[in-house]
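Biologist: I should like to learn how a model such as this one is read, feature by feature. May we begin with charged side chains and then turn to the interior?

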Amino acid sequence: MLKKILLIITVIAVISCSINQNRSILYEGFNGKRLTVFIARFIPRESAPDQITEILIKNLNDRAFMILACYVSLNIERSKISATNDGILNKIIGETVSRGKIIKYSFNENGLCEAFAEYDISDFINTLNKINDN
């Protein structure tokens, strides 16, 4: 009887693990050299696909820019704050954000759109580290 119970528990554990592996869990935040950003916006149903894409990209990029700017304010050494470094960091943040890609979006029946985008932040991190090391 004990062997049957252990077998059933093992089968249930294997099935539940395999089911969860098929789901893509998305979250907002930093993961290594990647930043994932999330937004939720109401978009009118009559919007054209190009308009929807434009709205999503603009909102995702705005959010990514703010997150990266906040990251700088938390991680730059106070002695390295200057107009020159500010310009360098604004430029690299702008370049990083411009290369973002929408990785998933969905709509519900009420016009609510949820979207995720990913940004490669390798150059951004390298620039910030270079400024802090100089």
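Modeller: Let us begin with one pair of charged side chains. E28 and R63 form a salt bridge, and their closest N and O atoms are 2.7 Å apart. E28 belongs to the loop between α1 (2–21) and β1 (29–31), while R63 belongs to helix α2 (residues 49–75), so this pair ties together parts that are 35 residues apart in sequence. Please keep in mind that this is a predicted model.

Biologist: How many salt bridges does the structure hold?

Modeller: There are five salt bridges in the structure. Another of them joins the side chains of R34 and E118, with 3.5 Å from N to O. Here, too, distant parts of the chain are linked: R34 is in strand β2 (residues 34–42) and E118 is in strand β4 (residues 112–120), 84 residues apart.

Biologist: Are the partners in these two pairs buried, exposed or partly exposed?

Modeller: One reads this from the relative accessible area; a residue counts as buried under 20% and as exposed over 50%, with partly exposed in between. E28 has a value of 31%, so it is partly exposed. R63, at 36%, is likewise partly exposed. In the second pair, R34 is partly exposed at 31%, and E118 is partly exposed at 25%.

Biologist: Which side chain does K91 meet in a salt bridge?

Modeller: K91 meets the side chain of E95, at 3.7 Å from N to O. These two residues are four apart in helix α3 (residues 83–98), which means that about one helical turn separates them. K91 is exposed, having a relative accessible area of 56%, whereas E95 is partly exposed at 30%.

Biologist: Let us move to T96. In which helix does T96 lie, and is it buried or exposed?

Modeller: T96 lies in helix α3. Its relative accessibility is 0%, so T96 counts as buried. To see what surrounds such a residue, one lists its contacts, leaving out residues up to four places away in sequence. On that basis, T96 touches L68, Y119, D120, I121 and F124.

Biologist: What does the side chain of N132 reach?

Modeller: The side chain of N132 reaches the backbone nitrogen of E77, at 2.9 Å. N132 is found in helix α4 (residues 122–133), and its relative accessible area of 12% is under the 20% limit, so N132 is buried. Leaving out residues up to four places away in sequence, N132 touches N75, I76, E77 and K80.

Biologist: How many residues does the largest nonpolar core have, and which of them have the most contacts inside it?

Modeller: A nonpolar core is read as a set of buried nonpolar residues whose side chains are joined to one another. The largest one in this model has 25 residues, and those with the most contacts inside it are L35, L56, L60, Y119 and F124. Two of these names, Y119 and F124, have appeared already among the residues that T96 touches.

Biologist: Which elements give two or more residues to this core, and which gives the most?

Modeller: The elements that give two or more residues are β2, α2, α3, β4 and α4. Helix α2 gives the most, with seven residues.

Biologist: Which residues does L56 touch?

Modeller: Not counting residues up to four places away in sequence, L56 touches I39, I43, I102, Y105, C113 and A115. L56 is one of the residues with the most contacts inside the core.

Key: Residues are numbered from 1 along each chain as its sequence is written. This is a predicted model: local features need pLDDT of at least 70, side-chain atom pairs count only at pLDDT 80 or more; totals for chains, interfaces and linings use all residues. Side-chain values use heavy atoms; hydrogens and water are left out. A salt bridge is a side-chain nitrogen of Lys or Arg within 4 Å of a carboxyl oxygen of Asp or Glu. Buried means under 20% relative accessible area, exposed over 50%, partly exposed in between (1.4 Å probe, protein chains only). Contact means heavy atoms within 4.5 Å. A polar contact is a pair of N or O atoms within 3.5 Å; within protein, one must be able to donate a hydrogen and the other to accept it, and residues adjacent in sequence count only if both atoms are side-chain atoms. A nonpolar core is a set of buried Ala, Val, Leu, Ile, Met, Phe, Trp, Tyr and Cys residues joined through side-chain atoms within 4.5 Å.
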